Structure formats: C-alpha cells, structure tokens
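Colleague: I am new to reading protein models, and I would like to learn how the words people use follow from the values. Could you take me through this one?

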Amino acid sequence: MSPAFTAPAPAGAPAPAEPAARRTYLLVDGENIDATLGMNVLNRRPNPEERPRWDRISTFAQKLWDQDVVPLFFLNASSGQMPMAFVQALLAMGYKPIPLASSGTEKVVDVGIQRTLEALADRDGDVLLASHDGDFLPQIEALLDDDRRVGLLAFREFVNGQFAQLSERGLQMFDLEGDADAFTAPLPRVRIIPLDEFDPLRYL
C-alpha cells in the first residue's frame, strides 16, 4: 500500500508554532524571608549586607530544573509608598516586582501569592516558593501532581512543619543558605546539617 500523500505547505506559509518551553515560576515572599532572618536567625534587624542576594536566588531557580525562570517578588505597598531604589534593583536583576496595596486588614502579600499559586494550577510550569509561611499550604498541596515540580526555598529549621508532610507527595525542600548560596557570609544558625554538607572549617 502506498503511503498517504501529504501536500507541501504553501510558499510563505508560517511554520507550525513551537510548543512553549517549560518555565519555573519563582514566587518570593520577601517580607517573610526578611522577618525570619531577623527574628529567628540574627535576633535583630538585618543589615543590608546580611540580607539575601536575590540575584543568586533567581540564578538558583534557573539552574534547579535547567529552564527559564519567571521571578516574581511580592511587596506590601499599602502605605502608598514603594521602596523605589529596591524596586529598581529588582528590575535590574530581572525580577517582576508586584507591589500590592489593601485598605483592609488582610495580609496583602499572602493573598497575592495565594492567588498566583491558584492561577498557576491551570498553567504548565514548575513552581518554587520562597517562604516559611503555612498560609500557602493549601495552594502548594493543590499544585502537587505527577506532571509538575514544586519546591520550597527557606531556612529549613523554620519552615512550617506541615510542609514536611508534603515531601512524601513530591514537595522538594531547599535551603536558602546551603542550597541557594544566597548569602555572602555564613549565618549564625544552629541547624541539622546533612553530613555531605558538613564543612568542619566553618567551626574551627
């Protein structure tokens, strides 16, 4: 039987569209990361040089699953003011700043991240959330399936304990300091250290 004939595409016809490349959506809860660093790690307000290097975090997200990253940084702008120098720095690092405002009492950044996680449920792509906040547990749990990689980036010892239960369903946990190398100097943390990460020179 002769093979079926396929007519050639007309001259000048557009080529079939390539499927969109899979991407990693990085959602940063900056307030939560900063507050945890100050209250739980340093026991004081962090100095500028002690805060995370956000460019390192987006680079980590890109390398993690070897694909392009969409970095979203959520800010509370309910006061009507934005930290413009910080916003400009985020833009220069490739982030999309999302300054949210509310006249009510809701946790505006949390609500914004929750809505974004819910929107991602209907979109192809992998998700990396930088936060310790248990308010995102329902949305993260809803994203866990066989076709999507979902990660949590935080200080492991301060993550809401219920996130650990989701690791059995595929949630991947990453440490801001040990995995993402987000800081320029070692932090004064007391934490469980996986043996393959132990560097005795840090303690000598």
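**From values to words**

Modeller: Gladly! Let us begin with Asn-43, which has a relative accessible area of 63% and is exposed. Please keep in mind that this is a predicted model.

Colleague: Why is Asn-43 called exposed?

Modeller: The word exposed is kept for a relative accessible area over 50%. Asn-43 has 63%, so it is exposed. Its place is in the loop between helix 1 and helix 2.

Colleague: What makes the phi of Asn-43 worth a remark?

Modeller: Its phi is positive, about 60°, although Asn-43 is not a glycine. This residue follows helix 1. Asp-181 is another residue other than glycine with a positive phi, near 50°. You will find Asp-181 in the segment after strand 6.

Colleague: Is Asp-181 buried, exposed or partly exposed, and how do you know?

Modeller: Buried needs a value under 20% and exposed needs one over 50%, with partly exposed in between. The relative accessible area of Asp-181 is 44%, so this residue is partly exposed.

Colleague: And what makes Tyr-203 count as partly exposed?

Modeller: Its relative accessibility is 49%, and exposed would need over 50%, so Tyr-203 counts as partly exposed. Tyr-203 also lies in the segment after strand 6. Leaving aside residues up to four places away in sequence, Tyr-203 touches Ile-193 and Phe-198.

Colleague: Now the other end of the scale. Why is His-132 called buried?

Modeller: Its relative accessible area is 5%, and the cut-off for buried is under 20%, so His-132 is buried. His-132 is found in the loop between strand 4 (126-130) and helix 5 (137-143).

Colleague: Which residues does His-132 touch?

Modeller: Not counting residues up to four places away in sequence, its contacts include Asn-32, Ile-33 and Thr-36, and also Ala-154, Phe-155 and Phe-163. Asn-32, Ile-33 and Thr-36 are themselves among the buried residues of helix 1.

Colleague: What do the buried residues of helix 1 pack against?

Modeller: They pack against strand 1 (24-29), helix 2 (54-64), strand 2, strand 4 and strand 5. Besides those just named, the buried residues of helix 1 include Leu-37, Val-41 and Leu-42.

Colleague: What makes you say that strand 2 is mostly covered?

Modeller: Six of the eight residues in strand 2 are buried. For the whole protein, 40% of the 204 residues count as buried.

Colleague: How do you know that strand 2 pairs with strand 1?

Modeller: Two strands pair if there are at least two bridges between them. Six bridges join strand 1 to strand 2, so the two are paired, and they run parallel. One of the partners is Pro-71 in strand 2, which is matched with Leu-26.

Colleague: Which strand is joined to strand 2 by five bridges?

Modeller: That is strand 3 (residues 96-100), and these two also run parallel. Here Phe-73 stands opposite Pro-97 in strand 3. From strand 2 the chain crosses through helix 3 (residues 84-92) to strand 3.

Colleague: What makes that crossover right-handed?

Modeller: Picture the strands pointing away from you: if the path from the first strand over the helix to the second runs clockwise, the crossover is right-handed. The crossover from strand 2 through helix 3 to strand 3 is right-handed, so its path runs clockwise in that view. Strand 5, helix 6 (residues 161-166) and strand 6 also make a right-handed β-α-β unit.

Colleague: Why do you say that strand 5 and strand 6 are paired?

Modeller: Four bridges join strand 5 (residues 150-154) to strand 6 (residues 172-175), and a pair needs at least two, so they are paired. They run parallel. The bridge partner of Leu-152 is Met-173 in strand 6.

Colleague: Before we stop, which residues lie nearest the centre of the largest pocket?

Modeller: They are Asp-34, Arg-51, Phe-73, Leu-75 and Phe-86, out of 15 lining residues. Helix 1 and strand 2 each give two or more residues to that lining. The volume of this pocket is about 400 Å³.

Colleague: How many residues of each class line the largest pocket?

Modeller: Seven are nonpolar, three polar and five charged.

Methods:
Residues are numbered from 1 along each chain as its sequence is written. This is a predicted model: local features need pLDDT of at least 70, side-chain atom pairs count only at pLDDT 80 or more; totals for chains, interfaces and linings use all residues. Side-chain values use heavy atoms; hydrogens and water are left out. On a 1 Å grid over the protein atoms alone, a cavity is a set of points where a 1.4 Å probe fits but cannot get out, and a pocket is an open set with protein on both sides within 12 Å along at least five of seven lines; lining residues have an atom within 4 Å of a point. Grid points are joined across faces, edges and corners, and a volume is the space filled by probe spheres set on the points. Ala, Val, Leu, Ile, Met, Phe, Trp, Tyr, Cys and Pro count as nonpolar, Asp, Glu, Lys and Arg as charged, and the others, Gly among them, as polar. Buried means under 20% relative accessible area, exposed over 50%, partly exposed in between (1.4 Å probe, protein chains only). Contact means heavy atoms within 4.5 Å.
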